[in-house]
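Student: Could we go through this structure together, asking what makes each term fit?
Tutor: Happily! Let's have a look at it first.

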Amino acid sequence: MILIPILALLVGLLLGFMLKLQLGGIWQIYMAVAVVAGIDTVLGGIRSALEGKFRGDVFVTGFIANVAIASFLAWFGDKIGANVYFVAILVLGTRIFTNLSIIRRQLLTKWHDVRERKRLDSEAKAQQGESESKAQTVAT
Amino acid sequence: MSADFGSNVVNPFSVRRSENKWILPISVMLMALGFMTSVAWLDNADRSGRIQRLSPDQRERLSLGTLNLAEENESLRSEVTKLREENTKLQNAVAQNSNASDSLNKSLQEMKLFSALTPVQGPGIAITLRDVKTGGPDEIASMGQIIHDTDVLRVVNELKNAGAEAIAVNNRRVGPNTNFRCVGTTILVDETKIASPVLIKAMGDSATLFGAINLPGGILDEIRQTDPKMVDVQLVTDMRLPAFSGSTTFKVAKVPVDRP
């Protein structure tokens, strides 16, 4: 299941490289900002999925809006001569790190849960076996 | 895989099914993200395009790292081919005595053109450097308001770097061993004294020369920071530069006998 998003990412990359689309000069910078915004939104989506509150509509509109706003801000900053481009990268980068750390914590918690459950299960089984053997010895 | 599917179907908790609903939107958006990344991916050509948007010091740091060796290699290779062809032509000419003098003369003319021994004609740029009137008795400030020998030297050097094929300073052709020195209040070009205004003419692709000489952080930019009036650059569609008239005799250096 986890492979599907990874495959999709590879398909997208291949598609782009095969089409050999070239953006002229400055537009590539806006696209770079848009890519960072996209990474942030996708990580946010994965995070909310792990937290169990993922909503498809929120995610898709969030992706499109974030990408559009980030590249618009970069363009606008160029027009008024302020490097909003750096600010966008900085904020998005911070959010990427936050999202990644939350994802990491969620996964670790899940892993610990599974381990704990297994331990409890095996303990319960051992206890059961013990009482059974006790019952047997009593019977003899 | 089929076991997974089965377990999903029999699972009575519908919540578990909806846990996977994020996979489709995230996959689609990741595909879009991959596409965007590949579009934003930089190759060598784009990188040079983006360099122009960097500040001069950033550009300098970058250029130290990435000289385009591949391009230089290519041009050297084509030059080797050209020279080999020329060699063949000369050898053929020697073999058939009739063409020999013609070919030799052509080769000689090319040599003379290269070493600035013939007048040349073509497009280029004209740069005028001039002193500005010193405002007061402040000696340190007035140092910047005078055109020095090093300024001329650096302009000539940048022009050569930009691909100028022939350069003349105040109508004195710059030859292979032309030098610029400071003598008192004047500048010595080889044996000729010159003073402000200094007119430097360079032959070559006008647009390229114009762009290169006006690069931020370049020598002209530096001079302009003192006073923009000190520098004037004009595009010239057609001009003539005289031949180099200095000494061309060698006293010590000899061609080795065992030359290849």
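Tutor: One definition to begin with: two strands pair if DSSP finds at least two bridges between them. Keep in mind that this is a predicted model.

Student: What makes strand β1 and β7(B) a pair?
Tutor: Set the count against that definition: at least two bridges are needed, and strand β1 (residues 120–129) of chain B and β7(B) have six bridges, in the antiparallel sense. They therefore count as paired. To see the pairing on screen, find B:Gly124, which stands opposite B:Met203 in β7(B).

Student: How do you know that strand β2 and β7(B) pair?
Tutor: By the same reasoning. Strand β2 (residues 166–169) of chain B joins β7(B) over four bridges, again in the antiparallel sense, and the definition asks for at least two. Here B:Ile167 is the residue opposite B:Ala202 in β7(B).

Student: Why is strand β7 of chain B called mostly covered?
Tutor: Look at residues 198–203: five of the six residues in this strand are buried. A residue earns that word if 20 or more other C-beta atoms lie within 10 Å of its own.

Student: Why is B:Ile213 called buried?
Tutor: The cut-off is 20 or more other C-beta atoms within 10 Å. B:Ile213 has 23 of them, so it is buried. You can find B:Ile213 in helix α10 (residues 206–213) of chain B.

Student: Which residues is B:Ile213 in contact with, leaving aside its neighbours within four places in sequence?
Tutor: Among them are B:Ile125, B:Ile127, B:Leu159, B:Leu220 and B:Val233. Take B:Ile125: B:Ile213 and B:Ile125 are 88 residues apart in sequence, while their C-alpha atoms are 9.8 Å apart in space. Contact is judged on C-beta atoms, which must lie within 7 Å, so that C-alpha distance does not contradict the contact.

Student: Now the two chains. How many residues does each give to the contact between them?
Tutor: Chain B gives 24 residues and chain A gives 32. On the chain B side, α3(B) gives the most, with 17 residues. By class, that side has 14 nonpolar, six polar and four charged residues.

Student: How do you know that the length of α3(B) agrees with a helix of 18 residues?
Tutor: Count 1.5 Å a residue and the expected span is 26 Å; the end C-alpha atoms are 25 Å apart, so the two agree.

Student: And what makes α3(B) largely enclosed?
Tutor: Of its 18 residues, 14 are buried, so the rest of the structure largely encloses this helix.

Student: What does chain A contain, helices or strands?
Tutor: Chain A has four helices and zero strands, giving the pattern α-α-α-α along the sequence. Of its 140 residues, 24% count as buried.

Student: Which residues have the most contacts inside the largest nonpolar core?
Tutor: They are A:Val33, A:Ala34, A:Val35, B:Leu33 and B:Met36, in a core of 33 residues. Of the elements, α2(A) gives the most to this core, with twelve residues.

Student: Which residues of chain B does A:Val35 touch?
Tutor: A:Val35 touches B:Leu33, B:Met36, B:Thr37 and B:Ala40. Apart from that core lies another, of 31 residues, including B:Ile167 and B:Val231. You have met B:Ile167 already, opposite B:Ala202.

Technical notes. Residues are numbered from 1 along each chain as its sequence is written. Chains are lettered from A and ligands numbered from 1 in the order in which they are written. This is a predicted model: local features need pLDDT of at least 70, side-chain atom pairs count only at pLDDT 80 or more; totals for chains, interfaces and linings use all residues. Helices (H or I, at least four residues) and strands (E, at least two) are DSSP runs, numbered from the N terminus. A residue is buried if 20 or more other C-beta atoms lie within 10 Å of its own, exposed if 12 or fewer, and partly exposed in between; C-beta atoms are placed from the backbone. Two residues are in contact if their C-beta atoms, placed from the backbone, lie within 7 Å. Ala, Val, Leu, Ile, Met, Phe, Trp, Tyr, Cys and Pro count as nonpolar, Asp, Glu, Lys and Arg as charged, and the others, Gly among them, as polar. The expected span of a helix is 1.5 Å times one less than its number of residues. A nonpolar core is a set of buried Ala, Val, Leu, Ile, Met, Phe, Trp, Tyr and Cys residues joined through C-beta atoms within 7 Å.
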